[in-house]
Amino acid sequence: MAESENIVAETAEKIFADLADAQTINRDKKGEWKAPLWQALSDAGLPLAWVPEDCGGSGASLAEGFSVLSAAGRFAVAVPLAETMLAGWLLAQAKIASAGGEMTVVPASPKDRITVNADGSLSGRARGVPFAKVAKHFAVLAFDAKGDFSVALVDASKCRIESGLNLGGDPSDVVTLDKVQPIAIKPAPTGFDQARLMLMGGVARSLQIAGALESMLEISVRYSNERVAFEKKISKFQAVQHNLARLAGESAAALAAATSAADAIANAISFNDEVFLEAVAAKIRCSEAAEKGGGIAHQVHGAIGFTIEHILHRYSLRALAWRDDFGSESYWAVELGKLVAQRGADELWPLVASR
Amino acid sequence: MTAALRFDPIRLPSECEQLRKEVRAFLAEEIAAGTFDPHKPNREDTDVPEFSRKVGARGWLGMTWPKKYGGHERSFLERYVVTEEMRVANAPTRRFFVADRQSGPVLLKYAPEHIKMEILPRICRGEICFAIGMSEPNSGSDLFAAKTRATKTDGGYLINGTKIWTSSAHIADYMIAIFRTSPPTKENRRHGLTQFLVKMKQPGIQVNPIGQITGQYEFNEVVFTDHFIPDDHVLGEIDGAWKQATSELAYERSGPERFLETYYVLTELVRAVGNNPDTRSAEGIGRLVAQVHTMRRMSVSVAGMLQAGKEPVVEASIVKDIGTIWEQQLPHRVRELAAFVEETATNRETLEKQLDFAIKTAPKLTIQGGTTEVLRGIIARGLGLR
Ligand SMILES: Cc1cc2nc3c(=O)[nH]c(=O)nc-3n(C[C@H](O)[C@H](O)[C@H](O)COP(=O)(O)OP(=O)(O)OC[C@H]3O[C@@H](n4cnc5c(N)ncnc54)[C@H](O)[C@@H]3O)c2cc1C
């Protein structure tokens, strides 16, 4: 990690440690932790980290922003930080200034489509939009009859929102735009398409999943060193040790895949097949790790980890939920498989070895 | 929060890319000349001494070692590139691989100077083959149960006992082995083992081949009867081999060879599926590619740690644990997907032959170099559980 990434990540970590302690949040049934946390994050300029200063943001690098997302994953932060960062980033692609407050991106699935009508208004439906209900503005990616992509800033109150919750209990809503006039709309840069947005979102989710797994490993190791059964700490049983070693493996795989993809995107000159491989592989492998690793964390915790009082679910269920955002691992596996098949057998190893 | 595990996204530097091109060009020439067939998995009993010498002549053996011993003072990352290209091409690396990866570094660390000067340059030239003598009939995972005795005599030691599962012993010129020089102590059951350099094909050493379920002969039983080893062939500390053997194993555990041994079936599946796959095949291939990419990123990251002079014991064990399980499952996943391959696929027969071999190979992958269970014990220790 570079020096400045460290500083930004440390700022985020400190805010999370002070205001987003999992135990405190879990006990606070009224959600009173949310406002002070969001305020502190906003004061530190983190939600608009990826927005250049001349567009009203703090102009952090991609790498710095990614390190914030890792930290957010380690704390399983349930405020729309990643979403607002992504929205700000999307708007900045078209040099549109971000609005203040909570934002999210529309669409959030590679299969949903938003279109630009002839009169410049927007129509379409997007499912599973994270935190849409909380967001005051949407950053929308839409395309017109010619197939050209535009980026728009939209007032959330102009859209129909059907509330839903994801596995982790966070908002995941259906957003319908019916000839909505955007606050601002500009063409997306050449080559920017929906896949690009989904992959950026997917890498954000990968970093969050990897972070959640790091925390699950940590609390599982700690618990196994505390819990006594059959007159020993359960950490002394070989079967438990092996389960934790597997959890460490899944956590390590997620971490390696996600940080590698983030590094690839942060340093990409063009969005070629190699960067696509990095981004997609991260989403696939981290999603697999969420399933395997989360399962082990629960096993090690026994019944206590299955209670709503315990913090484990804050990580495990969110990691599982994040698999579905911006294209599930099955969706991307098909896309990657097609790409590999089209390039042909002899080009597979060169692709893998190019990174 | 403690970020206990770190896998930094190391990128191979540009000199590696140039080197990769050279290795690929060399391998293509050798394939064209008929030295080996890339579509035949690295059959463990194919021994091609000329290939070994050519690789040495290219400067690709002992790459990281000092020049005065014939090495090339290049980086671990450069060595990494050579290893993975050879592995993916199914090149016949058997004769030189153990010496280059493991035995050479042990000699560098523990052998007396005149032995280093004599042997290391020959390894670098690809002239000699090494075997590893750790396991015994009742000592595999429990290395410290080894019984083969080295009894002090005039000017050296007399060896009596049996090593087993010794890969390449039948073609090896040397073996680095651990023998019992004194009994374990009450306080330390690891005490009492010493590491020796054994010259093979000498009186008192008998090598008996052991067949494997793949139909190949790769490992052997090695019986020592009053075999004499001179004093200057002791490596390192008398009775202290346990420290040395564990650090030696670190070299064995994180490289690309630990997840690429059955990789060829994936390439062959992509070939058979063609450029317009159905959804099931596409998804299956996509997942496998994402997994191998991730494994490789982890392995490169560990190579970066070695290059930086760190000792990534836990990280290397994790890579070997999930890497070997992956390469073990790979042929089975490919088999499932291959059920949908068209009868007319041009490489169908090759794919089937490769699958047959890979599925037979699979059981050993999580045993050689330390079993899954033993590795997980090491990881657990690293996590502070033991
Ligand atoms: C292809 C191949 C090549 C090899 N080449 C070499 C070589 O060149 N040189 C060499 O010295 N050795 C070599 N080996 C041997 C290899 O290192 C051993 O097989 C391995 O260390 C396991 O020992 P074992 O076979 O005696 O099994 P055992 O130690 O008897 O183990 C049997 C099973 O019990 C489990 N087990 C044992 N102890 C424990 C424990 N404490 N906790 C949990 N589970 C346990 C093991 O994990 C394993 O599943 C090779 C093996 C193979 C398969």
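This is a walk through a predicted model of two chains, A and B, one selection at a time.

**Stop 1: the interface**

Colour the two chains separately and look at where they meet. On the chain B side, 48 residues are in contact with 54 residues of chain A. Together the chains bury about 4,500 Å², and 66% of that area is on carbon and sulfur atoms.

Now turn on side chains and look for charge pairs. Five salt bridges cross between chain B and chain A. For one of them, select Asp263(A) and Arg11(B): the closest N and O atoms of this salt bridge are 2.8 Å apart. Polar contacts across the interface come to 15 residue pairs, counting those with both residues at pLDDT 80 or more.

Which helices of chain B should you show for its side of the interface? Pick helix H1 (14–32), helix H3 (76–88), helix H7 (264–273), helix H8 (279–307), helix H9 (313–338) and helix H11 (372–382), each of which supplies at least two residues of the side that touches chain A. H8(B) gives the largest share, with 15 residues. If you colour this side of chain B by residue type, you get 23 nonpolar, eleven polar and 14 charged residues.

**Stop 2: Arg297(B)**

Stay on helix H8 of chain B and select Arg297(B), which is part of that helix. Is this arginine buried or exposed? Its relative accessibility is 2%, so Arg297(B) counts as buried. Show what surrounds it, leaving out neighbours within four places in sequence: from chain A there are Ser260(A), Glu278(A) and Arg355(A), and from chain B there are Pro9(B), Ile10(B) and Arg11(B). You have already met Arg11(B), as the salt-bridge partner of Asp263(A).

**Stop 3: Glu288(A)**

Hop over to chain A and select Glu288(A), in helix H8 (residues 273–301) of that chain. With a relative accessible area of 8%, Glu288(A) is buried. Beyond residues up to four places away in sequence, Glu288(A) touches Glu250(A) in its own chain, plus Arg287(B) and Gln291(B) across in chain B.

**Stop 4: the cysteines**

Select every cysteine and look for sulfur–sulfur bonds. How many disulfides are there over all chains? A search of the whole structure turns up zero. Take Cys124(B) as a case: the nearest cysteine sulfur belongs to Cys129(B) and is 15 Å away, and Cys124(B) is in no disulfide. That residue is buried, with a relative accessible area of 3%. In chain A, Cys159(A) is buried as well, at 11% relative accessibility.

**Stop 5: Ala172(B)**

Keep Cys129(B) on screen and add Ala172(B), which sits in the loop between strand S3 (156–167) and strand S4 (174–180) of chain B. This loop alanine has a relative accessible area of 0%, so Ala172(B) is buried. Setting aside neighbours within four places in sequence, Ala172(B) is in contact with Cys129(B), Phe130(B), Ala131(B), Met200(B) and Lys201(B). For a distance check, draw a line from its C-alpha to that of Ala150(B): the two residues are 22 apart along the chain and their C-alpha atoms are separated by 21 Å.

**Stop 6: backbone oddities**

Switch to a backbone view. Most residues other than glycine have a negative phi, and most peptide bonds are trans. Here are some exceptions to click on.

- Val106(A) to Pro107(A): this peptide bond is cis, with omega near -5 degrees. Pro107(A) is in the loop between strand S1 (103–106) and strand S2 (113–116) of chain A.
- Ala76(A): phi is positive, near 45 degrees. Find this residue in the loop between helix H4 (62–74) and helix H5 (81–93) of chain A, where Ala76(A) is buried at 2% relative accessible area.
- Asp239(B): phi is positive here too, near 70 degrees. Its loop runs between strand S8 (234–235) and helix H6 (241–252) of chain B. At 15% relative accessible area, Asp239(B) falls under the 20% cut-off, so Asp239(B) is buried.

**Stop 7: Lys95(A)**

Finish with Lys95(A), in the loop between H5 and S1 of chain A. Turn on the surface: at 63% relative accessibility, Lys95(A) counts as exposed. Not counting residues up to four places away in sequence, Lys95(A) touches Cys55(A) and Lys186(A). Asp54(A) is 41 residues away from Lys95(A) in sequence, and their C-alpha atoms are 9.2 Å apart.

Terms used: Residues numbered from 1 in each chain as written. Chains lettered and ligands numbered in written order. Heavy atoms only, no water. Helix = DSSP H or I, 4+ residues; strand = E, 2+ residues; numbered from the N terminus. Buried < 20%, exposed > 50% of the residue type's maximum accessible area, 1.4 Å probe, protein only. Contact = heavy atoms within 4.5 Å. Buried area = accessible area lost by both parts, 1.4 Å probe. Salt bridge = Lys/Arg side-chain N within 4 Å of Asp/Glu carboxyl O. Polar contact = N/O pair within 3.5 Å; in protein donor to acceptor, adjacent residues only side chain to side chain. Nonpolar A, V, L, I, M, F, W, Y, C, P; charged D, E, K, R; others polar. Disulfide = S-S within 2.5 Å.
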